[in-house]
Amino acid sequence: NKTTMLKKNIGFLFLIALPWISPAQTTFQKAIGTSTSDYLSAVKQTGDGGYIAVGTVPYGGNTDVFIIKINALGDTLWTKAIGGSDDDAGKSVALTADGGYIITGSTESYGNGVNTHVYLIKLNNTGTLQWSKVYGGTGSNSSTGYCVQQTTDGGFVIAGETASFGAG
């Protein structure tokens with residue numbers, strides 16, 4: 001299962017928290033896992049003083065979106081690996097108005113099965129998947145989401161790249 005595999009394969013995901021008052025002093029330093037192909041793409045501080053980070057982790061010969069929630073001391077509260085049978089990657093995470101998290105990146109597992117599509121994932125505050133969406137064209141062109149934010153009307157805006165629409 002992904003949780004067992006995740007515990008074995010979480011690589012050198014490295015996070016350093018620096019306090020606001022003294023940038024020269026490290027609050028904690030955390031290295032997680034064993035694989036050099038793991039990486040974190042984005043981290044945000046959460047309302048409880050902890051952190052939520054997103055990136056990519058190997059799983060079954062491919063990659064999955066990786067999410068880790070840690071507390072203010074650097075202790076892991078939960079981890080998630082989300083993806084399908086092909087390569088999936090997490091690029092950005094943001095806090096949502098309901099206290100959860102929104103993640104964007106890319107997926108080859110879902111969509112038309114040809115190339116990458118923008119992957120949007122919504123989790124609640126305990127890391128439970130609430131929904132996911134895939135955006136992209138019908139051709140063999142790739143799309144990736146690099147940044148996501150919640151809008152004032154409760155929706156989401158994604159910045160990224162696509163060769164599926166416009167002039168390519």
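This is a short walk through the strands, cores and pairings of a predicted model.

Hello everyone, and thanks for coming. Some housekeeping before the fold. Because the model is predicted, local features need pLDDT of at least 70 and side-chain atom pairs count only at pLDDT 80 or more, while totals for chains, interfaces and linings use all residues. Residues are numbered from 1 along each chain as its sequence is written, and side-chain values use heavy atoms, with hydrogens and water left out.

Let's begin with the overall picture. The protein has one helix and twelve strands; here helices (H or I, at least four residues) and strands (E, at least two) are DSSP runs, numbered from the N terminus. Reading from the N terminus, the order is α-β-β-β-β-β-β-β-β-β-β-β-β. Of the 168 residues, 38% are buried, and buried means under 20% relative accessible area, with exposed over 50% and partly exposed in between (1.4 Å probe, protein chains only). The protein exposes about 8600 Å², with carbon and sulfur atoms supplying 52% of that area; the areas come from the Shrake-Rupley method with a 1.4 Å probe, and for residues only the protein chains shown count as cover. Take the contacts, meaning heavy atoms within 4.5 Å: among those between residues at least 6 apart in sequence, 42% join residues at least 24 apart.

Now, the sheet. Four strands form an open, antiparallel sheet in the order 3-4-5-6, where two strands pair if DSSP finds at least two bridges between them. Strand 3 (39–45) and strand 6 (76–82) each have a single partner strand, so each of these edge strands has one side without a neighbour in the sheet. From one strand to the next the twist averages 20 degrees, using axes that are lines fitted to C-alpha atoms (for helices, over the stretch in contact) and angles from 0 to 180 degrees between N-to-C directions. Within this sheet, strand 5 (residues 62–70) meets strand 6 through six antiparallel bridges, and Ile-67 has Lys-80 in strand 6 as its bridge partner.

What fills the inside? The largest nonpolar core has 13 residues; such a core is a set of buried Ala, Val, Leu, Ile, Met, Phe, Trp, Tyr and Cys residues joined through side-chain atoms within 4.5 Å. Those with the most contacts inside this core are Val-54, Val-65, Ile-67, Val-93, Ile-103, Ile-121 and Leu-123. Strand 4 (51–59), strand 5, strand 6, strand 8 and strand 9 each supply at least two of the core's residues, and the largest share, three residues, comes from strand 9. Apart from this core lies another, of eight residues, including Val-57, Phe-66, Ile-70 and Ala-81. For a single residue's view, look at Val-65: leaving aside neighbours within four places in sequence, its contacts include Val-54, Lys-80, Ile-103, Tyr-119 and Ile-121.

Strand 9 deserves its own slide. In strand 9 (residues 117–123), seven of seven residues are buried. On one side of the pairing list, strand 8 (residues 101–107) joins strand 9 over seven antiparallel bridges, with Ser-106 opposite Val-118. Strand 9 also runs antiparallel to strand 10 (residues 129–135), through six bridges, and here Leu-120 is partnered by Lys-133. Strands 9 and 10 form a hairpin with five residues between them, and Gly-127 in the turn has a positive phi of about 90 degrees.

On to the aromatics. The whole structure holds three aromatic pairs, counted when ring centres of Phe, Tyr and Trp (its six-membered ring) lie within 6.5 Å; planes under 30 degrees apart are stacked, over 60 edge-to-face and the rest tilted. One of the three is the tilted pair of Trp-78 and Tyr-101, at 6.2 Å centre to centre and 55 degrees between the planes. The pair links strand 6 to strand 8, as its members are 23 residues apart. Trp-78 is buried at 13% relative accessibility, and Tyr-101 is buried at 4%.

Last stop, the C-terminal strands. Strand 11 (143–150) follows a loop from strand 10 that holds Ser-142, a partly exposed residue at 32% relative accessible area. The C-alpha atoms of Ser-142 and Thr-107 are separated by 9.6 Å, although these residues are 35 apart along the chain. Strand 11 joins strand 12 (residues 156–162) by seven antiparallel bridges, and Ser-143 stands opposite Thr-162. This hairpin also has five residues between its strands, with Gly-154 in the turn at a positive phi of about 90 degrees.

Thanks for listening!
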